[in-house]
Structure formats: structure tokens, C-alpha cells
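Got the viewer open and a selection box ready? Here is a short walk through the model, one selection at a time.

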2 protein chains.
Amino acid sequence: MNIGEIARRAGVSRSTVSYALSGKRPVSAATVQRINDVIAELGYRPNASARALAEGRTRTLGLVVPPASRRLTDVQLGFVGSVVDAAAAHDLDVLLSPSGGDHDRSFERIVTGRRVDGVILMEILLEDPRVERLSQASLPFVTIGHVEHPGASWWVDVDYGALITRCVHHLADLGHEEVVLINRSAELVAAGYGPALRSATGFLEATAARGLTARTVCCADDAAAGLACFEQLRTQWPAVTAAVTINEAALPGVQRALHRAGLEVPRDFSLTGVIAERLAEDFHPPLTAADVPAVELGRLAVDLLLAQIADRGAEPRHALLEPPISLRSSTGARRRP
Amino acid sequence: MNIGEIARRAGVSRSTVSYALSGKRPVSAATVQRINDVIAELGYRPNASARALAEGRTRTLGLVVPPASRRLTDVQLGFVGSVVDAAAAHDLDVLLSPSGGDHDRSFERIVTGRRVDGVILMEILLEDPRVERLSQASLPFVTIGHVEHPGASWWVDVDYGALITRCVHHLADLGHEEVVLINRSAELVAAGYGPALRSATGFLEATAARGLTARTVCCADDAAAGLACFEQLRTQWPAVTAAVTINEAALPGVQRALHRAGLEVPRDFSLTGVIAERLAEDFHPPLTAADVPAVELGRLAVDLLLAQIADRGAEPRHALLEPPISLRSSTGARRRP
DNA sequence: TTGTATGCGTTATCAG
DNA sequence: CTGATAACGCATACAA
């Protein structure tokens with residue numbers, strides 16, 4: 001079932017069928033009608049590989065995701081979903097590539113096999129070899145997150161530093177004097193994971209600026225770690241009255257630790273941070289937090305990538321989002337002892 | 001950068017390069033060496049579209065997922081991750097297609113555009129038009145979940161009916177006499193979602209067999225619904241002392257409702273069901289439940305699909321998994337009033 | 001408005 | 001062991 005067969009049955013040449021389908025050349029109404037009838041009857045669709053070969057583009061976007069072994073967070077899941085949906089809205093398909101670190105077969109296939117017209121890279125490190133690789137491959141790409149020295153590259157990100165700073169000011173305004181940052185895991189920090197490092201920096205600067213005592217703790221991405229982590233920090237720094245966090249997966253454990261310690265939020269303890277909207281609302285009480293606009297970021301990444309593909313010489317663009325903090329019910333004035 | 005360029009620089013013909021790469025014809029060691037040097041120097045990789053066109057296969061698998069608007073549950077996320085990883089282990093890429101219901105452009109592209117060698121379909125309904133569509137397209141496919149009359153099709157699934165039955169027997173053995181099934185949403189039930197319907201059937205049969213009073217309630221897939229749902233069922237059927245659930249997303253709400261009602265698990269109330277392992281362990285106390293082996297199901301689906309692609313005339317195969325119930329701490333003897 | 005011819009980059013068949 | 005050359009199915013420049 002190919003274009004030749006359709007042409008034969010419709011009594012026209014193959015190019016006429018092609019042009020009738022693409023509309024890139026006028027075709028008489030009667031001919032179009034006949035062709036469409038045959039196509040409808042046989043359920044014909046152009047072979048994607050042949051079209052890609054002839055056209056020089058695949059109508060496919062690559063999405064590089066962390067391997068399944070590292071569980072996806074809610075925010076990451078939001079990225080994937082919105083990228084796929086945004087691409088579908090443009091009639092583009094999405095090819096998934098699970099990529100861990102260095103020499104990844106799947107990643108190499110994507111980069112160098114001309115399987116995709118462009119790539120969206122998520123969960124990158126401050127120094128990420130994959131960004132280098134894509135640059136020299138001269139394949140259009142957009143990163144969700146930005147490397148330390150983005151130079152002339154395309155990216156979208158959330159300004160973790162600014163958001164954490166806002167959280168700290170909010171707590172300071174409420175009278176808190178000793179606060180803790182519950183960060184992502186020590187491994188991620190050591191590997192150079194941007195959100196973790198930029199949050200830490202923002203936290204230290206903001207607490208210094210407001211004269212607060214700052215504590216920082218790294219916490220693995222699961223509930224058990226959240227529980228252990230919180231209990232430890234309570235015994236180590238009993239004067240801490242508020243926490244800022246970017247660790248979504250630890251929240252259920254933090255919740256349990258608060259309950260177990262008999263702390264009521266926000267009366268006895270304030271909690272805020274940068275968290276996916278759904279999780280912030282699932283918390284009890286709902287978290288005052290900056291909601292990561294994962295869906296918007298994903299859509300934006302697709303938009304930028306398409307702009308870059310359409311005009312490969314275009315000036316690099318980026319977007320650094322700074323969503324407002326949603327005031328819910330998890331922060332309050334520090335209770336004087 | 002194509003195979004002709006490599007051939008030219010290596011001083012051989014294009015076919016020799018092709019055979020050196022595929023190994024489908026003997027090539028002298030010296031020639032292979034020379035070719036590999038050139039390839040390494042230029043970083044050449046065969047064009048995937050051209051190869052697919054010539055070879056008649058794409059080395060790509062299609063994965064049909066629910067659209068992002070419907071949030072993925074933990075179990076579904078497990079499917080996606082394990083399918084992608086299993087495919088990568090076979091050097092296959094995965095093309096994602098978000099597909100809601102009937103005539104979906106993305107789904108049609110996949111099915112009829114020869115973009116993939118086979119398809120894995122997840123979250124299907126008991127009567128699913130997409131299964132029909134794939135059948136008549138004679139494209140190899142495997143479903144995660146099975147339609148009502150699977151006939152001669154390939155699928156993998158968890159035996160929800162059997163697992164729920166086991167949960168009921170477990171509760172009956174502990175002396176519970178009035179139990180409730182917290183099912184997925186009413187919309188899913190109405191649409192004919194297999195796990196929801198098979199769980200309901202298994203629940204009713206098992207409770208009848210053991211002479212228990214059975215209650216059933218549908219609950220939307222979020223924490224707020226879980227909370228509302230649980231409070232409602234407590235007032236409506238105050239004699240209920242245990243619940244069975246397959247609704248992961250409602251669990252945080254159920255947890256809060258239990259706490260708010262002052263019920264201690266398992267002393268005052270028992271809770272069990274079919275739940276992703278991670279969520280079962282995150283619950284407080286950890287849930288006695290049948291862990292959905294999402295990773296194994298995904299891997300199995302890929303294996304079956306590859307078997308089908310390798311031998312398209314093969315006898316259809318399927319796998320109905322019945323994982324054991326992990327005894328944790330959320331079920332106990334009914335407390336006599 | 002339509003038809004012919006060529007190229008896209010590989011694989012695979014047929015000759016040597 | 002290696003080289004020409006014909007598919008694969010489509011898009012498009014060139015002719016009419």
C-alpha cells in the first residue's frame with residue numbers, strides 16, 4: 001500500500017497524489033476527489049520513514065528522561081506529560097530516551113541517528129556532558145533547567161534561587177529566626193544538580209541578608225528519609241521553627257515526623273518551599289509554596305524548540321520563570337516560647 | 001555524512017561498508033579496520049530513516065499512554081519506565097502516543113504510518129476500539145490489561161479479581177463482617193475499565209462466599225476525594241470495620257480521614273488492597289497489600305511483543321500475574337465492640 | 001493542471 | 001572477498 005498504488009487506482013501519477021495530499025501545488029477538484037476516495041477506501045497513509053528520508057526531517061522530537069531506576073518526581077512527570085501533549089498538538093511524535101550519564105546507547109542513537117528534528121533534555125547537571133554532545137552535533141535542543149554557563153543555548157527553567165529567597169523573606173517577616181533548608185539528596189548535590197545547588201545558595205544568601213540562623217540538610221527522595229531527616233534535625237537544632245524544602249518525595253515522611261513530634265502546622269512549625277501544586281494541596285495543611293509550573297515549562301520548551309528548528313540561525317532564547325508563592329496554610333508567625 | 005562518504009574515504013564501496021557494519025558478509029580484517037577508523041574519526045552513524053525504509057522495520061516500539069490531562073498513577077508510571085528501560089536493553093527506541101479515546105491523530109499516525117514495529121497499549125477498556133483498530137491493521141501489539149474477550153490476542157495483566165478475593169478472605173479470617181471496596185472513579189467504572197470492574201466482581205463474589213456484608217463506593221483519583229469518600233462511608237455504614245482498595249491516589253485522603261476520625265490502624269480499622277509497592281510502604285502504618293508488579297509487567301510486555309514481531313505467525317501468548325499479598329501492618333482482628 | 005525524472009541513505013541481490 | 005546496482009516510498013525540480 002504505497003503512493004504508487006493510490007496513483008494507479010486513481011488513474012493519475014504519483015506526484016499528483018503527493019501534491020493532492022500536501023497542497024503544495026494546485027490540483028483540480030475532481031482529481032482531488034478521486035484521489036481522496038481511493039485513499040479513504042484503502043486507508044492509505046504515507047510511510048513515515050520514506051517521507052522523513054525524502055523531506056530531511058522526521059516530524060519527531062526526542063525527549064531525554066532520567067532512567068526509570070531513578071523514580072520520577074511529580075514535577076518531572078509533569079514535564080513529560082506536557083511535552084508529549086504539546087508536541088501532539090503540533091502533530092509531532094515524541095521519542096523517549098532514558099539516559100543516565102556518560103556513554104548511553106539510546107542517547108547516542110537519538111543524537112546521531114537523525115531520528116529526531118530536535119531534543120528536549122530534562123534533569124541536567126550544572127556541567128552536563130550531554131549538553132556538550134548536542135552542541136557539537138548541531139542538533140537543535142532545549143534544556144529544562146540550565147547549565148552553569150549557558151552561553152548561547154536555549155533553555156527554560158524555574159528560578160530556584162529567587163523562589164527560595166522569597167520563601168526565606170516570608171519566614172523572616174513572620175518572625176522566624178532559625179530556619180532549615182531540606183534539600184534533595186547529597187548525591188544530587190555532589191553531582192551538581194542545578195535546582196539543589198541554586199536553592200542552597202539562595203537560602204544561604206537570603207538568611208544572611210536577614211540575619212537568620214541557617215541550617216541545611218540533604219535528604220534522599222523518599223518518605224522514610226524525610227521522616228528520619230526531620231527527626232534528626234529536630235534533635236540537632238531544637239531552636240529551628242521553620243523549614244524550606246524542594247524535596248517533594250520526602251513530604252509524606254516530614255508530615256509523619258511533624259505528627260509524631262506533636263507539632264501542629266503552622267502553630268508550632270512553619271513549612272514552605274518549591275513544590276508541585278498537586279502535592280502542595282495534598283499536604284495537611286495545604287502548603288504555602290511556590291508551585292513549579294511544570295506544564296507551562298514543558299509547553300514552553302516545545303515552543304522554543306520548534307522556533308529553533310524553524311530558524312536554525314536564530315538568536316538563542318530562554319525563559320526563567322519565577323512563579324508567585326501561593327499563600328495557603330502552612331506558614332505562620334513564630335510562636336514565642 | 002553518509003555511508004558513501006565513509007566508503008570514499010576508506011577506499012571501498014558502499015556495500016562493503018554496510019557489510020562491515022552488519023557482519024552479514026565476510027569482510028577482510030584489514031578493510032574492517034580501515035572502515036572503523038574512518039567511522040570513528042567522523043563519528044558516523046547510519047541514518048535511521050533510510051535504514052528503516054530499506055530494511056522494512058524501524059527498530060522502534062510504540063507506547064500508547066493516557067493523555068497527560070488524566071494524571072498517571074504510580075502503577076502506570078511504573079509501566080512506562082519499565083517498558084522504556086526494557087526496550088532500551090534491546091537497543092529499541094520508544095515512541096510515545098498520548099491517546100484518549102476514538103479518533104486520535106497521534107494514535108493513527110502510529111498505527112498506520114509504519115513508524116513502529118509494534119505497539120504496547122496500556123490502560124485499555126473492556127471494550128476498546130483501539131484494540132480493534134490494531135488488530136485490523138495487522139500491526140503486532142501487546143496490551144497491559146486485557147479486554148473482555150481477549151480471543152487470540154497478546155496481553156499481560158494482574159488478576160485483580162483473584163487478588164481482591166484474597167484480600168477479602170484475609171479480612172474474613174480476621175473476623176471482619178462488614179467491609180467496603182473503595183474503587184476507582186465512577187467514570188472509569190462506567191467507561192468499562194477492567195481493573196475497576198473485575199475488582200468489583202471479585203469483591204462481591206468473595207464477600208458473598210464468606211457471608212460478609214459488602215459495601216462498594218467509587219472514588220475519584222485524588223486525595224480530596226479519598227477524604228470525602230471515607231468520611232461519607234463511615235457515616236453511611238458505621239458498622240464497616242475494614243476496607244479494600246485499588247485507588248492509590250485516594251490513599252493520602254483516606255489516611256487523613258482515618259486520623260481525623262481518631263481511628264487507629266489496624267486496631268480500629270483494617271485497610272488492604274492492590275497498591276504500588278512504594279505507596280504501600282509510604283502509608284502509615286505500611287499497608288498489607290498485593291503489590292502490583294508494574295516493572296515486571298512492563299518487561300514482560302516488551303518480551304511478548306518482541307516474540308510476536310520475530311514470529312508474526314506465532315500462537316498468541318499472555319500472562320496473568322497473581323502476586324502474593326505482602327503482610328505488613330495495616331490489617332488486624334476486628335475489635336469486638 | 002498534470003506527468004517525468006531524480007534524489008534522499010541504506011540494505012540486499014547479483015556479478016565478479 | 002568486493003563492486004555495481006536495484007529496490008524501499010516519498011517529495012520536488014523540471015517539463016509540458
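On this tour, a residue is near a strand if one of its heavy atoms lies within 4 Å of it. Keep in mind that this is a predicted model.

**Stop 1: DNA strand D**

Select strand D and everything around it. You should pick up 27 residues, and the closest are Ile3(A), Tyr44(A), Thr16(B), Arg25(B) and Thr31(B). Now look at the DNA side: of the strand D atoms within 4 Å of the protein, 54% are sugar or phosphate, and the rest belong to bases.

Next, zoom in on some individual contacts. Show Tyr44(A) as sticks: a polar atom of its side chain lies 2.5 Å from a phosphate oxygen of DNA strand D. Over on chain B, the side chain of Thr16(B) has an N or O atom 2.7 Å from a phosphate oxygen of the strand. Its neighbour in the list of selections, Ser15(B), points you to a base instead: an N or O atom of the Ser15(B) side chain is 3.2 Å from a base nitrogen of strand D.

Which elements give two or more residues to this surface? They are H2 and H4 of chain A together with H2 and H4 of chain B. H2(A) has the largest share, with four residues. Colour the surface by class and you get 11 nonpolar, 10 polar and six charged residues.

**Stop 2: DNA strand C**

Now switch to strand C. There are 27 residues around it, and Thr16(A), Arg25(A), Thr31(A), Ile3(B) and Tyr19(B) come nearest. Of the strand C atoms within 4 Å of the protein, 51% belong to sugar or phosphate and the rest to bases.

Three phosphate contacts are worth labelling here:

- Thr16(A): a side-chain N or O atom sits 2.8 Å from a phosphate oxygen of strand C.
- Ser28(A): a polar backbone atom is 2.8 Å from a phosphate oxygen of strand C.
- Ile3(B): a backbone N or O atom is 2.4 Å from a phosphate oxygen of strand C.

Highlight helix H2 (14–22) and helix H4 (48–55) in chain A, then helix H2 (14–22) and helix H4 (48–55) in chain B: these are the elements giving two or more residues to the surface near strand C. H2(B) gives the most, with four residues. By class, this surface has 11 nonpolar, nine polar and seven charged residues.

**Stop 3: the aromatic pairs**

Leave the DNA and search for ring pairs. How many aromatic pairs turn up over all chains? The whole structure has two.

Select Phe230(A) and Phe269(A). Their ring centres are 5.2 Å apart and their planes stand at 75°, so this pair is edge-to-face. The two residues are 39 apart in the chain: Phe230(A) is in helix H11 (residues 223–236), while Phe269(A) is in the loop between helix H12 (251–260) and strand E9 (270–275). Are they buried or exposed? Phe230(A) is buried, at 1% relative accessible area, and Phe269(A) is buried too, at 0%.

Then go to chain B, where Phe230(B) and Phe269(B) form an edge-to-face pair, with 5.2 Å between centres and 75° between planes. Phe230(B) is buried at 1% relative accessibility, and Phe269(B) is buried at 1%.

**Stop 4: the two copies**

Finally, zoom out and superpose chain A on chain B. A rotation of 180° with 0.0 Å of shift along its axis does the job, at an RMSD of 0.1 Å. The two copies are thus related as by a two-fold rotation axis. Select the interface last: 100% of the interface residues of chain A are also interface residues in chain B, so the copies meet through the same surface.

Notes: Residues are numbered from 1 along each chain as its sequence is written. Chains are lettered from A and ligands numbered from 1 in the order in which they are written. This is a predicted model: local features need pLDDT of at least 70, side-chain atom pairs count only at pLDDT 80 or more; totals for chains, interfaces and linings use all residues. Side-chain values use heavy atoms; hydrogens and water are left out. A polar contact is a pair of N or O atoms within 3.5 Å; within protein, one must be able to donate a hydrogen and the other to accept it, and residues adjacent in sequence count only if both atoms are side-chain atoms. Ala, Val, Leu, Ile, Met, Phe, Trp, Tyr, Cys and Pro count as nonpolar, Asp, Glu, Lys and Arg as charged, and the others, Gly among them, as polar. Rings of Phe, Tyr and Trp (its six-membered ring) pair if their centres lie within 6.5 Å; planes under 30 degrees apart count as stacked, over 60 as edge-to-face and the rest as tilted. Buried means under 20% relative accessible area, exposed over 50%, partly exposed in between (1.4 Å probe, protein chains only). Copies are superposed by least squares on the C-alpha atoms of residues with pLDDT of at least 70 in both. Contact means heavy atoms within 4.5 Å.
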